[in-house]
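Please find below a note on the model under review, set out as numbered points. Cut-offs are stated where a term first appears.

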There are 2 protein chains.
Amino acid sequence: MDETSIIGDPRITLFGRLVEAYASLRQQLDDEMQQEVGLPLLWYGVLLHIGRSPEGVRPMSELTEATAFTSGGVTRLVDRMEAAGYVERRPCPTDRRVQYVGLTETGREILERGSEVHIRGIQEHMLDRLGPGEVEELDRLLYKLAH
Amino acid sequence: MDETSIIGDPRITLFGRLVEAYASLRQQLDDEMQQEVGLPLLWYGVLLHIGRSPEGVRPMSELTEATAFTSGGVTRLVDRMEAAGYVERRPCPTDRRVQYVGLTETGREILERGSEVHIRGIQEHMLDRLGPGEVEELDRLLYKLAH
DNA sequence: CGAAAGTACTTGACGTGTCAACTATTGACT
DNA sequence: AGTCAATAGTTGACACGTCAAGTACTTTCG
């Protein structure tokens with residue numbers, strides 16, 4: 001509406017691109033996960049985070065970091081995932097304030113199935129669209145932005 | 001926990017990087033916008049979208065695209081922004097089903113102030129962290145992923 | 001023209017996250 | 001040891017988005 005206004009500044013679009021790419025990929029990967037495994041991508045991320053930890057267990061506090069939720073949000077998320085039978089709370093032997101969260105047998109199974117779908121999605125929607133060397137380049141650039 | 005499991009696949013991390021970069025930047029830009037202008041980044045995005053359209057007005061339906069919300073979500077979002085005095089609904093002369101959304105005077109002012117903050121944030125958290133040519137490269141790669 | 005299908009938006013019921021206050025436990029300092 | 005600040009997690013009240021049904025208007029087509 002006003003060509004001389006600051007709102008036309010082209011710098012704004014770089015962040016816009018990041019938002020677009022993120023939103024579009026997230027949408028597709030989430031849809032596929034829901035469709036084929038019946039699991040929200042968020043839940044898959046939590047299962048993966050726990051499943052990848054060497055002790056097979058993570059304290060609630062660390063899930064707040066991983067999810068970027070508040071502690072209250074994680075309490076409720078774990079409540080639901082526990083009710084669904086994917087995870088379980090376990091007491092921490094050295095600090096009774098801490099709640100560990102570990103995978104149930106069902107949780108492990110669905111994490112395995114989810115991972116197949118997730119990897120296929122990433123292959124299809126990300127890796128296959130980039131040329132040789134571009135994957136490493138993108139990874140490097142995104143790393144610089146996040147740290 | 002199990003080195004032979006599919007969950008260790010390194011391909012998973014590329015999407016993880018995108019999530020990290022997006023979450024980290026979004027957080028910082030949103031904090032700054034809230035702090036300095038008292039505006040959620042989401043609202044800023046809507047004001048910008050409307051402010052950049054040549055007619056100075058956008059139909060609700062287009063805001064659903066821009067925000068990736070459902071139509072009901074946009075109705076409520078615009079309700080709140082209208083109550084805050086930043087936008088106003090205007091009837092569409094050619095189709096009485098359509099609601100146009102336009103900026104109020106206050107909305108224009110805050111969009112202007114928000115843009116200064118937003119551009120400064122992008123400069124600081126994105127452009128300044130990348131080397132020469134890397135901005136164009138990142139933009140190109142993100143574009144490929146989103147389309 | 002008039003009925004039926006389509007489109008734009010709104011609304012009620014509900015799911016899921018935040019915020020701030022609270023409980024329980026631990027660590028630090030005298 | 002004994003108090004007091006810090007930390008981990010939960011909870012009630014609330015904010016904000018989705019989903020599906022509803023209203024109003026428009027377009028299509030026999």
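1. Which residues in α2(A) are buried? They are Leu41(A), Trp43(A), Tyr44(A), Val46(A), Leu47(A), Leu48(A), Ile50(A) and Gly51(A). Buried here means under 20% relative accessible area, exposed means over 50%, and partly exposed lies in between (1.4 Å probe, protein chains only). Helices (H or I, at least four residues) and strands (E, at least two) are DSSP runs, numbered from the N terminus.

2. Basis of the values. This is a predicted model, in which local features need pLDDT of at least 70 and side-chain atom pairs count only at pLDDT 80 or more, while totals for chains, interfaces and linings use all residues; side-chain values use heavy atoms, with hydrogens and water left out. Residues are numbered from 1 along each chain as its sequence is written, and chains are lettered from A and ligands numbered from 1 in the order in which they are written.

3. Helix α2 in both chains. In chain A, α2 covers residues 41-52, and its 12 residues at 1.5 Å each should span 16 Å, which agrees with the 16 Å between its end C-alpha atoms. The expected span is 1.5 Å times one less than the number of residues. For α2 of chain B, also residues 41-52, the expected span is 16 Å and the end C-alpha atoms are 16 Å apart, so the two values agree. The buried residues of α2(B) are Leu41(B), Trp43(B), Tyr44(B), Val46(B), Leu47(B), Leu48(B), Ile50(B) and Gly51(B).

4. Relation of the two chains. Chain B is superposed on chain A by a rotation of 180 degrees with 0.0 Å of shift along the axis, at an RMSD of 0.1 Å. This is the relation of a two-fold axis. The superposition is by least squares on the C-alpha atoms of residues with pLDDT of at least 70 in both copies. Of the interface residues of chain B, 100% are also interface residues in chain A, so the copies meet through the same surface.

5. DNA strand D. This strand is surrounded by 21 residues, the closest being Ser61(A), Thr75(A), Arg76(A), Arg76(B) and Arg80(B). A residue is near a molecule or strand if one of its heavy atoms lies within 4 Å of it. Sugar or phosphate accounts for 67% of the strand D atoms within 4 Å of the protein, and bases for the rest. Polar contacts are pairs of N or O atoms within 3.5 Å; within protein, one must be able to donate a hydrogen and the other to accept it, and residues adjacent in sequence count only if both atoms are side-chain atoms. A side-chain N or O atom of Arg80(B) is 2.2 Å from a phosphate oxygen of strand D, and a polar backbone atom of Met60(A) is 3.2 Å from a phosphate oxygen. Arg97(A) places a polar side-chain atom 2.9 Å from a base oxygen. Two or more residues of this surface come from each of α3 (60-67) and α4 (71-83) of chain A and α4 (71-83) of chain B.

6. DNA strand C. Of the 21 residues around this strand, Arg76(A), Arg80(A), Ser61(B), Thr75(B) and Arg76(B) come nearest. Sugar or phosphate makes up 64% of the strand C atoms within 4 Å of the protein, with bases making up the rest. The side chain of Arg76(A) has an N or O atom 2.5 Å from a base oxygen of strand C. Thr75(B) has a polar side-chain atom 2.7 Å from a phosphate oxygen, and a polar backbone atom of Met60(B) is 3.3 Å from a phosphate oxygen. At least two residues of the surface are supplied by each of α4 of chain A and α3 and α4 of chain B.

7. Thr67(B). This residue belongs to helix α3 (residues 60-67) of chain B and is buried, at a relative accessible area of 14%. Its side chain reaches the backbone oxygen of Leu63(B) at 2.7 Å. Leaving aside residues up to four places away in sequence, Thr67(B) touches Leu42(B), Val46(B), Val74(B) and Leu77(B), where contact means heavy atoms within 4.5 Å.

8. Backbone angles to inspect. Most residues other than glycine have a negative phi. Ala68(A), in the loop between α3 and α4 of chain A, has a positive phi near 65 degrees and is exposed at 58% relative accessibility. Ala68(B), in the loop between α3 and α4 of chain B, has a positive phi of about 60 degrees and is exposed at 60%.
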